[in-house]
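The following questions and answers go through one protein model. Please keep the sequence and the structure in view while reading.

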Amino acid sequence: MNIPLRVLLVEDVSEDAELIVRELKRGGFAPDWLRVDNAKAMQSALEESKWDIVISDYSMPSFSGLNALEVLKRLKVQIPFIITSGTIGEQTAVEAMRAGADDFFLKQNIARLPLAIERELRDTVLRRKKLASETSLRETQARFHAFMNNAPMPAWIKDRDLHYVYVNTAQASFFGMSPAEMIGRDDFDLMSIGAAQNSRHHDEQVLATKESLSTQETIADEGLTARILNITRFPLNVGECTLMVAGLAIDVTTQVHIDKNLKAANQRLQILSSSVIEVQERERQHLARGLHDDVGQSLTALKIMLQAAQKNDAENRNAKLQEGIELVSSILSQVRTLSLELRPPQLDNLGLVSALRWYVESKTSEDGLHGWFEYEGEITKLHPDIENTCFRIVQEAITNILRHARASNIWVRLDKNESNLILRIRDDGKGFDVDKAREHAVRGNSFGLLNMEERALLVGGTMDITSSLGSGVSIDVVLPFTPGIRELT
């Protein structure tokens with residue numbers, strides 16, 4: 001069976017071209033051929049059709065084999081190129097091969113042409129496969145590097161000695177380096193000793209078990225900021241006997257902090273819910289005790305007094321009635337006191353400033369302290385929720401100061417800016433450890449500090465408290481004019 005073969009003959013003598021074609025047929029080929037004898041014709045033939053091989057005469061009146069080879073190179077056509085000649089010398093043949101010709105032969109040895117072509121076609125197939133393989137490898141490597149270097153998460157490969165042999169841009173940037181600077185280093189060159197030992201332990205575990213491993217580790221970045229990373233390591237086989245360890249990391253610092261804050265907020269909300277119920281019960285007990293012990297007993301005494309007056313004569317009756325009137329006045333005073341403790345009427349009738357001045361002056365004078373209330377500028381009627389929150393925070397703060405601070409002076413000041421009400425509360429008492437107080441509040445052992453903070457947060461405000469043992473307490477509260485909702489943190 002004849003082998004199909006498309007041949008482009010660069011030859012100025014038609015008889016020589018036919019001789020080559022005849023020899024190809026004798027060698028088992030079925031040539032489909034075209035003869036050209038100048039550069040323009042050769043270029044047109046190469047651009048318009050596909051060829052398996054080019055066979056060119058070395059020397060022609062207006063063209064040459066080397067010129068033909070240049071045309072082939074310029075068009076980047078990858079097919080075998082064979083030179084023929086009737087008088088080519090050995091040195092000339094060597095130069096032609098160096099220029100890029102695949103083979104050469106003398107026309108008097110044309111019988112060997114089919115074997116040369118068969119060999120060149122085989123070599124061409126192998127070269128094309130190798131070229132395709134190399135091209136595919138380069139494209140794969142390019143895609144790999146493009147993917148890894150644009151991936152936002154750090155990725156790396158280490159050898160058996162746990163030195164970096166590959167890192168992507170994200171991994172190098174994490175440590176403030178370029179990928180090239182990291183190659184050959186190990187974790188002890190990049191991390192603290194504790195973090196590096198931890199990382200090495202996990203790498204060795206992957207190499208020993210040949211199984212993937214997922215961990216969460218804290219590693220300092222280039223700015224020495226502690227970052228929390230979810231890291232997945234896995235074994236990587238390169239060749240038959242080379243085992244490496246690769247890794248990917250995802251920065252979960254923000255998510256971990258959010259989860260931690262959310263857990264703390266939920267815990268605080270649970271404690272707050274419990275404290276609200278406790279405060280309600282405490283207030284009810286206080287109100288019930290006041291009604292029973294003061295108002296109730298006074299009303300009982302009034303009843304007995306009025307019953308006695310009924311039995312007395314007119315002179316003694318008037319005296320009893322006078323005592324009853326005085327007792328009613330006392331009962332009214334007791335009821336007014338209970339009412340003021342629940343909610344001062346000044347807050348509704350006169351506004352926040354008057355209610356705070358009354359409360360600060362009355363509570364401090366009762367306990368023998370010096371109390372000062374100041375305010376700056378004109379503070380008009382505010383949203384009821386803001387006024388109530390501000391008053392309750394002052395109420396809670398002063399109650400805590402009177403109970404625990406052993407203070408001699410209390411200062412309360414009210415200011416405002418363009419969009420916020422600013423409340424400042426200070427005392428000169430013994431002070432306390434704020435962090436420990438927060439821990440007690442979270443454990444449910446104390447509700448005062450937590451109540452004040454939650455009141456501010458629930459209307460969109462903030463509260464900052466500073467204190468230390470022996471230096472008193474300073475509470476700064478910022479409340480919006482209009483209630484909002486802030487994220488609990």
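Q: What percentage of the 489 residues of the protein count as buried?
A: The model is a predicted one. A residue counts as buried when its relative accessible area is under 20%. Of the 489 residues, the share that meets this is 37%.

Q: How many helices and strands does the secondary structure of the protein come to?
A: The elements are numbered from the N terminus. The count for the protein is 15 helices and 15 strands.

Q: In what order do the five strands of the open sheet lie?
A: The pairing in this sheet is parallel. Strands β2 (29–36) and β5 (103–106) each pair on one side only, as edge strands. From one strand to the next the twist averages 25°. The order is β2-β1-β3-β4-β5.

Q: Which residue in β2 is the bridge partner of Pro4?
A: Strand β1 covers residues 3–10 and runs parallel to β2, with eight bridges between them. Helix α1 (residues 14–26) lies across β1, β2 and β3 (53–57), at about 165° to β2. Within β2, Pro4 has as its bridge partner Ala30.

Q: Which residues of strand β6 (residues 155–158) point the other way from Ala155 and Ile157?
A: In a regular strand, side chains alternate between the two faces of the sheet. In β6, Ala155 and Ile157 point one way, and these residues are buried. Those that point the other way, also buried, are Trp156 and Lys158.

Q: Which residue in β7 stands opposite Lys158?
A: β6 is joined by four antiparallel bridges to strand β10 (residues 242–251), where Leu248 stands opposite Ala155. With strand β7 (residues 164–167), β6 pairs in the antiparallel sense over three bridges. β6 and β7 form a hairpin with five residues between them, and Leu162 in the turn has a positive phi of about 65°. Opposite Lys158 in β7 stands Tyr164.

Q: Are α12 and α13 roughly parallel or roughly antiparallel to each other?
A: The axes of helix α12 (residues 352–366) and helix α13 (residues 384–405) come within 10 Å and cross at roughly 10°. Angles under 35 degrees count as roughly parallel. The two helices, α12 and α13, are therefore roughly parallel.

Q: How many residues of the contact of α12 with α13 are nonpolar?
A: From α12 the contact includes Leu352, Leu356 and Tyr359, and from α13 it includes Phe391, Val394 and Ile398. Two residues of the contact are polar and two are charged. The number of nonpolar residues is 10.

Terms used. Residues are numbered from 1 along each chain as its sequence is written. This is a predicted model: local features need pLDDT of at least 70, side-chain atom pairs count only at pLDDT 80 or more; totals for chains, interfaces and linings use all residues. Side-chain values use heavy atoms; hydrogens and water are left out. Two strands pair if DSSP finds at least two bridges between them. Axes are lines fitted to C-alpha atoms, for helices over the stretch in contact, and angles run from 0 to 180 degrees between N-to-C directions. Contact means heavy atoms within 4.5 Å. Angles under 35 degrees count as roughly parallel, over 145 as roughly antiparallel, 65 to 115 as roughly perpendicular and the rest as oblique. Ala, Val, Leu, Ile, Met, Phe, Trp, Tyr, Cys and Pro count as nonpolar, Asp, Glu, Lys and Arg as charged, and the others, Gly among them, as polar. Buried means under 20% relative accessible area, exposed over 50%, partly exposed in between (1.4 Å probe, protein chains only).
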